Amino acid sequence: MAFSSKTAYGLLALLELADVQASGGVLQVPEIAARQGIPDRYLEQMLASLRRGGFLRSIRGPRGGYQLVSPPSEVVVLEVVRCLEGLAGSSDADGQTSAEWRALRGFEQELEQARLRLLGGTTLADLLERRDALLQDHAMYFI
């Protein structure tokens with residue numbers, strides 16, 4: 001299962017904020033939106049959800065904006081996904097009882113457990129490392 005647009009954009013915004021977190025940096029909505037190609041209004045809604053979820057603090061004033069509350073190494077992707085998407089719902093086929101449906105449901109549950117393990121074991125710092133590795137590979141390609 002891929003990320004919803006909302007979650008993907010939320011994670012991109014968090015990565016932007018994580019990148020400036022060590023220097024105490026603050027980013028404003030238009031800056032994040034321009035860097036990642038996210039509509040401002042849509043981004044504002046996601047950042048508000050992430051602030052309510054305890055991931056961000058907002059700073060008022062002309063030099064205000066958003067900041068991560070915790071270091072990127074402490075922000076677990078699974079918690080971000082739950083904040084933005086909520087808990088997974090039940091399947092439309094819950095009333096089905098054939099062996100085939102039960103086999104598919106069991107397989108679906110295994111996939112979801114693997115997804116949760118991966119999301120729960122990944123932090124924003126891990127995603128920044130992946131990004132940095134990709135940037136390094138890209139830079140080396142042109143030398």
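Analyst: A residue counts as buried when its relative accessible area is under 20%, as exposed when that area is over 50%, and as partly exposed in between. With that cut-off in hand we can read this structure, which is a predicted model.

User: Let me try it on one residue: is T7 buried or exposed?

Analyst: T7 has a relative accessibility of 0%, so T7 counts as buried. The residue sits in helix α1, and once residues up to four places away in sequence are set aside, T7 touches V81, L84 and E85. For the protein as a whole, 32% of its 143 residues count as buried.

User: Before going further into the interior, I would like the overall layout: how many helices and strands are there, and in which pattern do they follow one another along the sequence?

Analyst: There are 6 helices and 2 strands, and reading along the sequence gives the pattern α-α-α-β-β-α-α-α. A further global reading comes from contacts between residues at least 6 apart in sequence, of which 67% join residues at least 24 apart.

User: How should I read the two strands, and in which sense do β1 and β2 pair?

Analyst: A general idea comes first: in a regular strand the side chains alternate between the two faces of the sheet. In this model, β1 spans residues 56-59 and β2 spans residues 65-68, and the two pair in the antiparallel sense over 4 bridges. As one point of register, S58 stands opposite Y66 in β2. The strands form a hairpin with 5 residues between them, and G61, in the turn, has a positive phi of about 110 degrees.

User: What does R63, in the loop between β1 and β2, contact beyond its sequence neighbours?

Analyst: Leaving aside neighbours within four places in sequence, R63 is in contact with V26 and Q28. R63 and L27 are 36 residues apart in sequence, while their C-alpha atoms are 8.8 Å apart in space. Despite these contacts, R63 counts as exposed, because its relative accessibility is 80%.

User: Turning to the interior, which residues touch the most other members of the largest nonpolar core?

Analyst: The largest nonpolar core has 30 residues, and those touching the most other members are L43, L47, L50, L56, V80 and L124. At least two residues of this core come from each of α1 (5-21), α2 (29-36), α3 (40-52), β2, α4 (77-85) and α6 (124-141), and α1 gives the most, with 7 residues. L47 shows how such a member can be read: apart from residues up to four places away in sequence, L47 touches A13, V29, I32, L56 and Y66.

User: How do helices α2 and α3 cross, and at roughly what angle?

Analyst: The axes of α2 and α3 come within 9 Å and cross at roughly 115 degrees, and the crossing is right-handed. On the α2 side the contact is made by V29, P30, I32 and A33, and on the α3 side by D40, L43, E44 and L47.

User: Polar links are what I would check next in a model, so how many salt bridges does the structure hold, and which partner does E16 have in helix α2?

Analyst: The structure holds 5 salt bridges. In one of them E16 pairs with R35, the closest N and O atoms being 2.8 Å apart. Because E16 lies in helix α1 and R35 in helix α2, this pair ties together parts that are 19 residues apart in sequence. The environments of the partners are read with the opening cut-offs: E16, at 12% relative accessibility, counts as buried, whereas R35, at 43%, counts as partly exposed. Beyond the pair itself, E16, E31 and R35 are linked in a network of salt bridges.

User: And with which residue of helix α1 does R131 form a salt bridge?

Analyst: The side chains of R131 and D19 meet in a salt bridge, at 3.2 Å from N to O. R131 lies in helix α6 and D19 in helix α1, so the pair ties together parts that are 112 residues apart in sequence. R131 is partly exposed, with a relative accessible area of 29%, and D19 is partly exposed at 43%. R131 also forms a salt bridge with D132, where the closest N and O atoms are 2.6 Å apart, and D132 is partly exposed at 37%.

Definitions and conventions: Residues numbered from 1 in each chain as written. Predicted model: local features only at pLDDT ≥ 70, side-chain atom pairs only at ≥ 80, totals over all residues. Heavy atoms only, no water. Pairing = 2+ DSSP bridges. Core = buried A, V, L, I, M, F, W, Y, C linked by side-chain atoms within 4.5 Å. Buried < 20%, exposed > 50% of the residue type's maximum accessible area, 1.4 Å probe, protein only. Contact = heavy atoms within 4.5 Å. Salt bridge = Lys/Arg side-chain N within 4 Å of Asp/Glu carboxyl O. Axes fitted to C-alpha atoms, helices over the stretch in contact; angles between N-to-C directions. Left-handed = near helix turned anticlockwise from the far one by under 90°.
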